[in-house]
Amino acid sequence: MKLEKTRKKTVFLDCMRQFKMPAGLFLLNTLLIYVIFRLYGLQTEPFWYAFSITLFCTTVFCVIRLIKEQRKAEQRFQKSRNILTDWNVSLPSESLAEADFSQMIRCLGAENERMVSAFRTERKETQDFYTAWVHQIKTPIAVMKLVLGSSESPDRRVLQEELFRIEQYTDMVLAYQRLGSNANDLFIQEYALDDLIREVIRKYASQFIYKKIRLEYSGTGISIVTDKKWFLCILEQLISNALKYTPTGTITISVCDGILSVADTGIGIAPEDLPRIFEKGYTGVNGRLNDKSSGLGLYLCGEAADLLNIPIYAESKPGEGSCFSLHISEKVTS
């Protein structure tokens, strides 16, 4: 990309400022010589001849210098656009100052690369730790589920639901760690949408029963092309949120014109919170009042939707419920 006109003008003005002192000295020296010629009564023809030749050579020198400065400015401009990757590529230095600045850039680039490498190593170690922790904690969770399943304790149902929430939070941590990594292992293929929806419904069936929430869902008869793991993550978060904020009533899962909707008759979302619900850590008024929200679920949902290139929207009225819509690319199954 060539230099823009404004930058070329800036380079030209900068050169003019550099030429200001030499030009002033040249004119002063010319004036002194002319005065000496006049004081001694010498013929001024040789003076004007020498002045013309000197002026011509000086003009040629200034033009050449301006062209070189324009080229160097273009090189610096190109280098600045790729400074993070080409910091070790030095430009030709014609002065000690330019050489010093190039050395400074190389030192800063080397330090930046070292810090980035250390950050990536530390981040990977952190991700590996949390991933291992999640997988390890799933073992005692599974054991506790088995024990509670055979228990006759009157608090068994409450403990099962709390254990379900613990398992859900551990899955959320694992999803968050995967989302933060550079290698999102997407496996895109065609799935029957009904199979994916029913898998999530089976997972949350006990929650529907425990909270006595009615589920409205009928088969869609369509298939979609997506990544199963992340698509299930989106559905799980939407249904989990609907269950969390619906004390009594109905949750409806439907598909119409390529839009998968998860609607509830819960407490709804305040209008001032609606534009920010997918922000990381944002809980909103209802989340703070009910002390139920971590501000991570819908953030994961939004990030996973972006990862799969699925637009997601939310509509809500306080006291009437909420509706989350996924614009999916559907394919009718025969």
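**Exercise 1. How many salt bridges does the count come to in this predicted model?**

Solution. The count comes to 13 salt bridges. Let's look at some of them.

- Start with R17 and D14, whose closest N and O atoms are 3.6 Å apart. A salt bridge needs these atoms within 4 Å, so R17 and D14 form one.
- Now place the pair: R17 and D14 sit three residues apart in helix 1 (residues 5–39), which means about one helical turn separates them.
- D14 has 32% relative accessibility, so it counts as partly exposed.

**Exercise 2. Work out which parts of the chain K203 ties together through its salt bridges.**

Solution. Take the partners of K203 in turn.

- With D171, K203 makes a salt bridge at 3.5 Å, N to O. K203 belongs to helix 5 and D171 to helix 4 (residues 156–180), so this pair links parts 32 residues apart in sequence.
- With E236, K203 makes a salt bridge at 3.2 Å, N to O. E236 belongs to helix 7, so here the linked parts are 33 residues apart in sequence.
- Check the surroundings: K203 is partly exposed at 29% relative accessibility, and D171 is partly exposed at 22%. E236, at 18%, counts as buried, because the cut-off for buried is under 20%.
- Put it together: through shared partners, salt bridges join K138, D171, K203 and E236 into one network.

**Exercise 3. Find the strands at the edges of the five-strand sheet, and say what packs on the sheet.**

Solution. Begin with the order.

- The open sheet runs 2-4-5-7-6, with mixed pairing.
- Strand 2 (214–217) and strand 6 (312–317) each have a single partner strand, so they stand at the edges with one side lacking a neighbour in the sheet.
- Strand 2 runs parallel to strand 4 (residues 250–256), and four bridges join them. In strand 4, I253 is the bridge partner of Y217.
- Helix 5 (residues 193–203) lies across strands 2, 4 and 5, at about 175° to strand 2.
- Helix 7 packs on the sheet too, touching strands 4, 5, 6 and 7. The direction of helix 7 makes about 25° with that of strand 5.

**Exercise 4. Which helix gives the most to the largest nonpolar core?**

Solution. Go from the core to its contributors.

- The largest nonpolar core has 45 residues, and F231, L238, L260 and I328 have the most contacts inside it.
- Helix 7 (residues 228–244) gives the most, with 10 residues.
- Zoom in on F231: beyond its neighbours within four places in sequence, its contacts include L193, L260 and I328.
- Apart from this core lies another, of five residues, among them V11 and F19.

Definitions and conventions
Residues are numbered from 1 along each chain as its sequence is written. This is a predicted model: local features need pLDDT of at least 70, side-chain atom pairs count only at pLDDT 80 or more; totals for chains, interfaces and linings use all residues. Side-chain values use heavy atoms; hydrogens and water are left out. A nonpolar core is a set of buried Ala, Val, Leu, Ile, Met, Phe, Trp, Tyr and Cys residues joined through side-chain atoms within 4.5 Å. Buried means under 20% relative accessible area, exposed over 50%, partly exposed in between (1.4 Å probe, protein chains only). Helices (H or I, at least four residues) and strands (E, at least two) are DSSP runs, numbered from the N terminus. Contact means heavy atoms within 4.5 Å. Two strands pair if DSSP finds at least two bridges between them. Axes are lines fitted to C-alpha atoms, for helices over the stretch in contact, and angles run from 0 to 180 degrees between N-to-C directions. A salt bridge is a side-chain nitrogen of Lys or Arg within 4 Å of a carboxyl oxygen of Asp or Glu.
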